[in-house]
Structure formats: structure tokens, C-alpha cells
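Here is a friendly briefing to read alongside the sequence and the 3D view. Please keep both open as you go through the points below.

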Amino acid sequence: MPAEAANPLPPAQEVGETGSTDPREPLALLFHDLRSSPQGLTEREADRRLTVYGPNALVRRGGRRWPRELAQQFTHPLALLLAFAALLAALSGALALAVAILAVILLNALLAFVQERQAEQAVEALADFLPEQATVVRAGVRRQVPAATLVPGDVLVIEEGDQVSADARLLSGGVEVDLSALTGESVPVYRSAEVTDVSGPVLGARDLLFSGSACTGGQAVAMVIATGMHTELGRIAALTERTHREESPLEHQVKRVARLIAVVAVGVGVAFLPLGLGAGLSLAAAVSFAIGLLVANVPEGLLPTITLSLAAGVRELARRGAVVKRLSAVETLGSTTVICTDKTGTLTENRMRVTAVWTPGGELPVGELPVGDAPHGPAELLLLADAAATCTTADPVAGRGDPTELALLDLAARAGAPCPPERRDRERRALFRFDPHVKLMTTADERDGTLVLHSKGAPEEVLTHAVDLLDHGTVRALTPADRSEVVHAVGRLAEHGLRVLAVARRPLAPGQQPPAHREEAEQRLCLIGLVAMADPPRPEVARAIEQAHRAGITVHVVTGDNGLTAAAVAEQVGIGHRGMRIVTGTELDAMGDDRLDALLGRGEEVIFARTSPEAKLRIADALRAEGHTVAMTGDGVNDAPALRRADIGVAMGRSGTDVAREAATMVLTDDNFATIVAAVEAGRRTYDNIRKFIVYIFSHAVPEVVPFLVFALAGGTVPLPLTVMQILAIDLGTDTLPALALGREKAEPGLMDRPPRPRDERVIRGAMLARSWGFLGLISATLVMGGYFLTLTSGGWHPGDPTGAGTALHLTYQQATTVVWLGIVFCQVGAAFAARTEHASLRTIGVFSNPQLLSGIAFALAFAAAIVYVPALHQVFGTAALSPAQLAVVVPFPFVVWGADELRRGLVRRRTAALPMPPAPAPPAPVRPAPVRPAVEVPAHHPLTVLLARHGWDATRLVHALGVSEHAAAEVVAHARRIAAEHGHRA
């Protein structure tokens, strides 16, 4: 039996607390107390401890929340308005009506509560799509496990970009961590195993890491000392604040509309109460009239239907690979006007493969090299492949690492110089990780008893730090001619869309220790050669870009890659249809806000090349200041501020860091640009569907109000055509399911062929109300009132005749009110089909393409049949069975309502098509980096040389790194300045 199993851990409450285990005690004692070792726990012991301590998760505080959430449903303005109507009914003696209204309030509150709970659970369930992972060492083997399975005693590996999943004591290494979630400090702090603090606050201990913090740099190994609610984060109970659901702008708008409806309904009821009394109505009849107006104006199912529609949109997006973390993002997606995207992995497949290398011996294609143990190719290729693979941290066996580094390891294997990660890590003595600012990575590795520095990075940066060249196995000085040849080789490869890296090395003197600082390591390098990697565009991206352009969405590329490579890839996928411009990171940094605004206002799509992650934040701010709704992609730690600032922050689910996923609004599980466009389309469809069921719900307000107005204005000579109980049967019984089904409607043709809606546009527009009330509602009211009077007069009624209980016309009156009620139900069937499209003909989407709507209508008709033909319900709702002739009156109503709206939409389409269209200007040709053409007649300079000058390289650096003449360097710098000055002018 393992020693760990024989010596079980102390009770759970002692770990990480002020009991027998002190997280700051000497490591040997801490290992003893936690029954662990540097090799970690065994799987069996880890499973046992998971049973003892439970999952590494925070528990919700505050007890059960559902009673409070249910109570909130009864304090909504529409619920309060119905309660006021119930009070009026009770005071007027209509106790049955008061009870019915209270039942409606209760049922509606339960419906809204259940739907909101479903919406909340839909968002919370998305965590299953993105399980947090942690890297641990168990039984000496490094592996990834769900963060929820961490237990005290686990040995945890922390790297840049990771979320710290448990409180831990550092064993080796050092990291920078963001403790803002715990302390509020925005500046990262350094934590190292070399520094021990045995006094002072625990959060200030420089050798401890805490759950909820994020690693922003470095690498370290630590031992877990507390998990779940025993962590510092658990103690401060931060989860309750984090899970508070933000009210979306749409819900805020709808609540404002609900308050307005409530005010209007009360105002109308109060205003018409004296009117009814003045017209000769009794007090009871006048109060009944006022109650009817109140109830008829309340759209009971509006809010829960909107909430459930948004939740359905979230679930659909998750199925399509876009995990949305809050409901409000669904509506925001539909108004996206600009997408700022990375290149690698988003536009491309992120499947790097080295296809060519360059050495002083020439360019060598290596795309077809077979994998084998025997060396392939010249010695320069073997040395280049070995140096490049040594300067990596990826592990292809574990499926971990940057695709670029995995491609370098693959090249070494195919060239017959494999570099196993175990051997590489064992021989490593120092590591300077890739820095996006200096664009270099360097390692110090032991080879045959000698330390050798290996560097890889942007070719221009390696050239700057290189003084020698390895030429056919001989080290010699790097001459200006050599530098010029390297520049031309980089340009040739980059113009084919290949990503180019330079590789260099420098042996240290025997006995010399590895440099302590990267500035010392990355100097006097010896250039070995170049590696060029192909990362083909995703096949579906070109179509997605075309779809985005048709939808009026501009696509900018923000990348840390070479501008020539990024422009080539962008051109392949169709970016730049209105012109394309390359802006370097240096040019962007030198721009004022006014010039950046002018650049983004030109209408061109911009390639922001060699930009720092911080530049994304400035680009997002500039676009939002211009009124754009911005979707910004990112995957790194430094991308987090821009992801938070953008309207839609999009993180990569596969290649992104935990920090980026935490900051983002939406996470792509497939890292695919096409998924962003699909999410925009789904957001537009969801928003359109919300407007569709708003039109549908509002359309029956007019036919419900008009009967009460006729009753009041006639002074009682016309009996009340509709009762309050019948209105409630419509609003809650026959309307709800079709409204919910409209929220699942498929996209209308042309959805992605229209420009984005303005971000400040209200969900309820005047045109919607005109269509709902002034067209569909008016037609429905005319039809039902026509059917009412036709039924009355056919039974022998004349104005003023009594129709009360016991009179000869009472059955005729009940049948007439039933015709009105059933007519409204039938008109709503027509309105449901009419509301399915805003512009297109119903034929284009298919009459039977929404099975949920057909089921909802079937239920509504069955419910209506029961009220009309089940005798037990006649007394409750004041209805009577209709004869076949009377039923035939209302059967055409849905076709009339739908047909009239179909004709209206056809006329609108014809009028729109007849409008003269202004001639579309021919799109300008994509702007590629043009050769420099100076005023004097000199040969054109290489595009890469110009691009580097635009990156801020001065003439001296161009001469030193690239070997150009001083005169040519001065011309290139002057031309680069002219290009940069042009960025700030509007077209």
C-alpha cells in the first residue's frame, strides 16, 4: 500500500486554516503535514481526498433565492395593474371576476418565474461547455485534470495565462499574478518560491498563490494547500456578487414600455369611467367597463416570452460553437457593425506546418519530408531544425503548446533530428519566454557539456541582434549583402502568406553560467536560417467574410504577425473589398485619437500589423466612440482589457488562456471566425423574433378595447360585446404558446443582406405599433364587431333591446359575444402567420416551417373549442355553442387578416424595388504595400524594408540590421513617414 494511503490526510477543516497545517511553514514540514511529495499524489489518493473534501468549487451563499425571485414577479407594474383591476372588481361586487384576475396574476407569475429560471439555468449550464482545466503532477507524471478535482496535496503547474484554481504554496519558479479579484489591486505582483514570508497578512505572502488570481507571466510549480470554500476566495464569499445577472438593455426597454402601458391603461380607465356614467351606465357597468380596459391593455405574456426567447438564443449559439455568458449579449450581437479579428487560428486553421526553410545555401522546400530517424537533407537543415525545436515549450504527446512550436517540433522529426520534450526540458538551464514587445524567445540549453543559447522570433528582430552567420558549417561575420539577401528571402516567403521565423544560436564559453537577463542573452547571435510555415485559411471563412460584408459589417485584422503575411491571408479570404490598408504598430502608437478616428472612418478594412495586445484596447475605444458596436477577438492574457471594453469580447476556447475566457462575453469552442458571423446572424434572428411576437401580442389590444368603447359610447344601447373573463381567456389561454413559438421562428430571407441596426434603436418602433394597432388590430376589430352585429341582428336584436338573463334575446347575445371572442382568437391565428415575416412573403419561409407555432395554434383552437362547446364552461366565460352558420362567419377571419398583411408587404416590397438606386461606386482595389517610389530615380526598395521603417525603424537600424546604404535608408524612412501621414486623412 502506498505511504499516502496508509497515512490519511488530517481532517478537512484543518487544511489551509489556522490548525495544524500552516501554509508558510518550511516545505519539508508542509510536505509531511499534507502527506505529499514533489512527485504529487497517486490517482487513488487523489480520488480518496476528493471524496473527503468534495469538489474544488465555491458554494452559493445566501440560502435559497427562489422565494425572493418568485415574489419579484408580483411586484412588476403589469402584475400590480392587474391586482388593481381585481380590487376594483371585488369592490364592485364581482367576486368571481376578482378571483379570476388573481388567478391570472398567479399563473402569469409562475410562468414568468419558471421561464426566467430556465433562462438562468441555460446560462449557468454553459459552464459545462468550458470546463476549467488544471495541470498537475500525479505520481510523477504531468497531466491535465478538471480544476474541480484538485485536492490538498496536489502538485500544480502554473504557466502564463492560467487561472489559479486553488490556494497553493510555491515549490519552484516564479510568476506574476493578478490579485485584483481578491485585493482590488490592478497591478500584477511577483510571487516566487525563492522568497518566503512567515509573518504579515496571508494575502501578502510572496510564496503563496490564491484561487481566483491569474498568472500574467512566468512559470512555477506549487502544492495545493486549500480548495473550494477553504480558499481565501471562498472565505470572502465572492461568488454571490459574480453570479448576479445583469439586466439586459432589451429587458430594460421592455420594462419601460410595461410601465408606459400601465400608465396609459389606468389613464384610459379613469378617463372613461365618468364617460360611462355620463352615458347612462350604472356604477357596476361603468366599473366593469374600466376593468375591461385595464385588462385588455395588459400584455401579460410579454416579459416571460422575451426572457425565454433570449435563453433559447443562448442555447442555440452554444450548439453552434459560441458560448455566450450572459443573455444581453444575444441582442448586442445582432447590432454588430465591426469585427476586429486575429489572424492565426481564427481566419486560418491554426495547423502550422513548415513548408520551406532558407539557409545561406538557398531555399529548400521541406513540406514533403517524411518522418524518420535517419537525417534528411544537408547539415544546415539539421542544425536549423534542431535549434528551432530546442527553443520551444510545446509537448505534442500531451497535445499542449503553441501551433507554431508544434510545427517546429514536427520539422525536427521529419528532418531526422527529433527533439523529445523530455530531453529538451532536462537539458534546459534557462528560459526567456516569447515577449510580444521584443518578438523574441530564447533558451539556454546544455549540449555536450557546453551551454548554447537558442533564439527564434521575428526575422527583423533576430537580424538586429545577430552579428554572425552560419554559412555551410562555418561561422562568419554577417555582411550587409547577407542582410539584404535575408530581407529578400523573408519578403518572398511572406508574400505567399507564409509565417516566417528566424533562428539563431550562440555557444557560451566553457563554465559560463546562463545569462540572468534576456538583454544579455539576446545579443551577438549567429543567424542559422529562416523557417516558413503555412497556415491555410479555413475553407468556410471566405464565405463568412462575404456574408459579413453583405450584412454591412466591417472586418479589421489585428495581428502580431508580419504585415505582408497578414495582407496575403486577408486577401485570400476576401477582406479588403472596399480597400485594404496596412497600419503598423509603431504608426498606430504615433497617431493621435483624431487621426485614428479619421483612419477608421475611411471605409477601408485595416490590417493592424505587429501590434501589441494593448493596441486592441485603443482600437476598440476608437470604434465605440464612432458609434460602432464592436466584436473583438483575443486569446492572450494582455487581450483581457480589450475583451472587457468591446461590446462583444470573443475569446478562443481552444487556444485561448483562462484569463481571456474569463474576460470575454462569448467564447468560441472552435476558434473559428465563421462562428462569429453565425452568432451575429443568430443574434439578429433572435432580435427580429422578439419584435415579431411583440407585434403579435399587441395586435389583439385593439379588438379587445374597441368592444368596450362601443359599449360606453352607445350609452348602454349596445350590450357589452366582450367580457373581462373572455379577455383573460385570450391573453393567457390562446396567446401564450403561439407567442413563444414566434420566438423560435427561422431567419427571414435577407436577414444578413441588410445593414446592422443602430445600437440605440428601441426594440418597439413606431412602424411596429402602426402595423400592430393601426393595421392588424384595426382589421381584426372591424371583423369581430361586424360578426357581433351580424349575429345580433340575425337573431332579431335592435338597439336598446334587453339582452339580460331571462330575456328572449339572451341566447342570441351570448352567441354574439362568443362570435366576438372566437373571432379575436381566429384573427390572432392570422396575425401569428402575418407576424412571421416583416418584409418577405410567407411563401419564402414556408407556411409549415415552424412546427412549434402550428402546435401552439392547434392548442389555442382546441382550447377555444372547449370554451365554446363544453357546457360546463359556458357559465364561467359567458359563452354559448355556435351554429354552423355562425361558425362560418369567423372561419375566414385568419385568412382575411393574414391576406391583408401579405398584400401590404407585397406593396411595400414593390415600392421599395421601384425606388431609384444610386449607382454603387466601384470598390477600390485592395491596397497592398506599394514599392517605394522616391522623388529621385532610384531602384524601388523592398516592401519589407519599407514595412520595417513604418514599424519605427530609423535609418541607422535599417543600415545595421538589413545592410541597406545610408542614402537608401534615409529614402525609405522618408517614404514611410509619408505613408503614416496619409493614414490620418479621411478619404
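Helix H32 is a good place to start, since H32 gives four residues to the lining of the second largest cavity, the most of any contributor. Please keep in mind that this is a predicted model. From that cavity we move on to helix packing and then to the strands.

**The second largest cavity**

- Four cavities of 30 Å³ or more are counted in the model.
- The second largest cavity holds about 60 Å³ of space.
- Its lining is made up of Tyr696, Thr734, Asp735, Pro738, Val825, Gln828, Val829, Ala832, Ile857 and Ala860.
- Two elements, helix H32 (810–835) and helix H34 (851–869), each give two or more residues to this lining.
- What is the chemical character of the residues lining the second largest cavity? They divide into seven nonpolar, two polar and one charged.

**Helix packing**

- H32 also packs against helix H37 (residues 893–914), at an angle of about 30° and with the two axes 7 Å apart.
- Angles under 35 degrees count as roughly parallel, so H32 is described as roughly parallel to H37.
- The crossing between H32 and H37 is right-handed.
- A second helix pair is formed by H39 (residues 955–962) and H40 (residues 966–983), which pack at an angle of about 125° with their axes 8 Å apart.
- That angle makes H39 oblique to H40.
- H39 passes H40 in a crossing that is right-handed.

**The eight-stranded sheet**

- Eight strands form an open sheet with mixed pairing, in the order E8-E24-E23-E22-E9-E19-E21-E20.
- Why is one side of E8 and of E20 left without a neighbour in the sheet? Strand E8 (322–324) and strand E20 (580–584) stand at the edges and each has a single partner strand, so one side of each stays unpaired within the sheet.
- On average, neighbouring strands of this sheet are turned by 20° against each other, direction ignored.
- At the E20 edge, five bridges join E20 to strand E21 (residues 605–609), and these two strands run parallel.
- To find this pairing on screen, look for methionine 580, which stands opposite glutamate 605 in E21.

**Strand E7 and its partners**

- Which way do strand E3 (residues 155–159) and strand E7 (residues 214–226) run, parallel or antiparallel? E3 and E7 run antiparallel and are joined by five bridges.
- Within the pairing of E3 and E7, isoleucine 158 stands opposite alanine 220 in E7.
- Strand E4 (residues 167–178) is joined to E7 as well, by 11 bridges, and this pair runs antiparallel.
- For a landmark between E4 and E7, pick out glutamate 176, which stands opposite glycine 217 in E7.

Terms used: Residues are numbered from 1 along each chain as its sequence is written. This is a predicted model: local features need pLDDT of at least 70, side-chain atom pairs count only at pLDDT 80 or more; totals for chains, interfaces and linings use all residues. Side-chain values use heavy atoms; hydrogens and water are left out. On a 1 Å grid over the protein atoms alone, a cavity is a set of points where a 1.4 Å probe fits but cannot get out, and a pocket is an open set with protein on both sides within 12 Å along at least five of seven lines; lining residues have an atom within 4 Å of a point. Grid points are joined across faces, edges and corners, and a volume is the space filled by probe spheres set on the points. Ala, Val, Leu, Ile, Met, Phe, Trp, Tyr, Cys and Pro count as nonpolar, Asp, Glu, Lys and Arg as charged, and the others, Gly among them, as polar. Two strands pair if DSSP finds at least two bridges between them. Axes are lines fitted to C-alpha atoms, for helices over the stretch in contact, and angles run from 0 to 180 degrees between N-to-C directions. Angles under 35 degrees count as roughly parallel, over 145 as roughly antiparallel, 65 to 115 as roughly perpendicular and the rest as oblique. A crossing is left-handed if the near helix is turned anticlockwise from the far one by less than a right angle, and right-handed if clockwise.
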